[in-house]
Amino acid sequence: MSPLHTSEKIPQDEKRHIEDLRQRLSAKIQREYQKGVMRRDAHPKTHGVVRAYFIVEPDLPPELRVGLFGRSRRYKAWIRFSNQSATIQPDSKRDIRGMAIKLMGVPGKKLLESEADATTQDFILISTDRFVTANVREFAGLIRAMTSGTLQVIWYFLTHLRVGLNLWHSMLRHANPLQVRYHSTTPYLFGDRAVKYAVLPQIRHLDRIPDNPPDDYLRRAMVRQLAQEDAVFDFMVQFQTDAEKMPVEDPGKVWPEELSRFRKVATIRIPRQYFDHPLQDEFGDELSFSPWHALPEHRPLGGINRARKVVYEAISKMRHGHNHTERKEPEGWDIPGMEPLDHSSDGSRFLWGSTTIFRKHGQR
């Protein structure tokens with residue numbers, strides 16, 4: 001057994017806390033969405049669901065040619081940008097933003113047993129370099145406090161100062177989701193080593209938060225940018241080089257970049273496109289993302305990821321059952337009810353040098 005695997009230390013009471021999380025979050029969304037469309041317990045507000053390419057870098061050195069990154073290849077992908085807050089609120093509120101990436105056409109058995117034969121691979125990232133809590137027990141306590149009333153929340157933060165500091169550090173205002181740096185915060189296997197992921201935007205023109213911003217100004221910023229130019233990101237990995245200073249079981253601690261720099265392994269390109277359409281939003285709401293939609297070479301590590309496996313799947317099944325929608329992984333860029341893309345040109349009609357879609361649907 002390699003040293004990496006021995007660094008995963010599962011507390012004896014972790015399963016109990018995971019089950020508590022599952023029950024509390026399930027009960028919470030059942031109360032909140034007794035009627036109408038049931039949304040996610042976190043990240044319910046979508047800024048946009050966009051088509052993208054995930055392009056593995058050519059000529060990677062041997063230590064980076066692992067699993068998905070074993071050879072240079074271009075994958076089609078869906079990417080969903082979102083606000084984390086369980087309450088749908090104006091974008092001007094301080095919050096954590098999400099970037100959930102779903103690659104398609106990825107061969108091989110996946111780790112999530114219920115979808116082992118799916119040809120998707122997910123990467124889930126947020127706009128902060130640290131998770132709010134150190135472990136599942138702490139996170140379950142936070143959710144228990146937040147579902148029990150204001151006094152319990154105050155007491156929790158008074159007795160968990162680092163959680164409060166992490167949350168304050170992470171909840172920020174941003175001008176454009178396409179111009180934010182995103183992090184996995186939790187670690188993953190990369191062959192037989194541990195890594196964290198980061199996505200770094202290539203910014204040509206930096207947006208500013210508008211004066212008196214409308215509630216959905218982040219969506220508008222995305223619409224405006226993708227009408228004019230592609231959005232490009234570097235997908236990067238950071239290897240664990242010190243098990244003590246770069247722990248697997250505490251995602252609330254940042255891995256120091258002076259010990260291990262991030263290294264680029266792929267390019268994410270979001271081509272010019274129009275995405276602000278109700279059917280595309282519905283399609284995005286029906287997607288399920290999980291770090292366990294993954295090849296074994298990229299297995300999620302640590303307690304928070306172990307909790308995600310149980311909680312994410314339970315919430316996804318509940319949402320789809322309540323909404324009477326089919327729970328399945330996408331296989332391409334076409335959306336039911338919308339005009340199919342022109343596959344003869346590799347779907348390039350959604351790059352839209354013309355303004356056909358803008359004239360048809362308008363901008364909102």
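Start by selecting helix H2 (residues 14-32) and helix H3 (residues 136-146): their axes come within 9 Å and cross at roughly 30°. As you look around, keep in mind that this is a predicted model. Angles under 35 degrees count as roughly parallel, and H2 and H3 are therefore roughly parallel to each other. H2 passes H3 in a left-handed crossing.

Now show the side chains where these two helices meet. On H2, pick Glu-14, His-17, Ile-18, Asp-20, Leu-21, Arg-24 and Leu-25. On H3, pick Val-136, Arg-137, Phe-139, Ala-140, Ile-143 and Arg-144. If you colour the contact of H2 with H3 by class, you will find seven nonpolar, one polar and five charged residues.

Keep H2 on screen and add helix H8 (303-323). The axes of H2 and H8 come within 10 Å and cross at roughly 30°, so H2 and H8 are roughly parallel to each other. The crossing of H2 and H8 is right-handed. From H2, the residues to select are Glu-14, Ile-18, Leu-21, Arg-22, Leu-25, Ser-26, Ile-29 and Gln-30. They meet Gly-303, Arg-306, Ala-307, Val-310, Val-311, Ala-314, Ile-315 and Met-318 in H8. By class, the contact of H2 with H8 holds 10 nonpolar, three polar and three charged residues.

Next stop: helix H7 (residues 278-286), where Gln-280, Asp-281, Phe-283, Gly-284 and Asp-285 are the buried residues. What do the buried residues of H7 pack against? Highlight strand S1 (45-56), strand S2 (74-83), helix H6 (217-228) and helix H8 to see their partners.

Time to visit the cores. The largest nonpolar core has 41 residues, and Phe-54, Phe-69 and Ile-270 touch the most other members. Strand S8 gives the most to this core, with five residues. Click on Phe-69 and look beyond its neighbours within four places in sequence: its contacts include Phe-54, Leu-60, Phe-123, Phe-235 and His-298. Apart from the largest core lies another, of 21 residues, among them Tyr-33, Val-132, Ala-145 and Ala-307.

For the last stop, select Val-237 in strand S8 (residues 231-239). Is Val-237 buried or exposed? Val-237 is buried, with a relative accessible area of 0%. Setting aside neighbours within four places in sequence, Val-237 is in contact with several residues, including Leu-64, Phe-190, Tyr-197, Phe-262 and Val-265. Finally, draw a distance from Val-237 back to Glu-14: they are 223 residues apart in sequence and 28 Å apart in space, C-alpha to C-alpha.

How values were computed. Residues are numbered from 1 along each chain as its sequence is written. This is a predicted model: local features need pLDDT of at least 70, side-chain atom pairs count only at pLDDT 80 or more; totals for chains, interfaces and linings use all residues. Side-chain values use heavy atoms; hydrogens and water are left out. Axes are lines fitted to C-alpha atoms, for helices over the stretch in contact, and angles run from 0 to 180 degrees between N-to-C directions. Helices (H or I, at least four residues) and strands (E, at least two) are DSSP runs, numbered from the N terminus. Angles under 35 degrees count as roughly parallel, over 145 as roughly antiparallel, 65 to 115 as roughly perpendicular and the rest as oblique. A crossing is left-handed if the near helix is turned anticlockwise from the far one by less than a right angle, and right-handed if clockwise. Contact means heavy atoms within 4.5 Å. Ala, Val, Leu, Ile, Met, Phe, Trp, Tyr, Cys and Pro count as nonpolar, Asp, Glu, Lys and Arg as charged, and the others, Gly among them, as polar. Buried means under 20% relative accessible area, exposed over 50%, partly exposed in between (1.4 Å probe, protein chains only). A nonpolar core is a set of buried Ala, Val, Leu, Ile, Met, Phe, Trp, Tyr and Cys residues joined through side-chain atoms within 4.5 Å.
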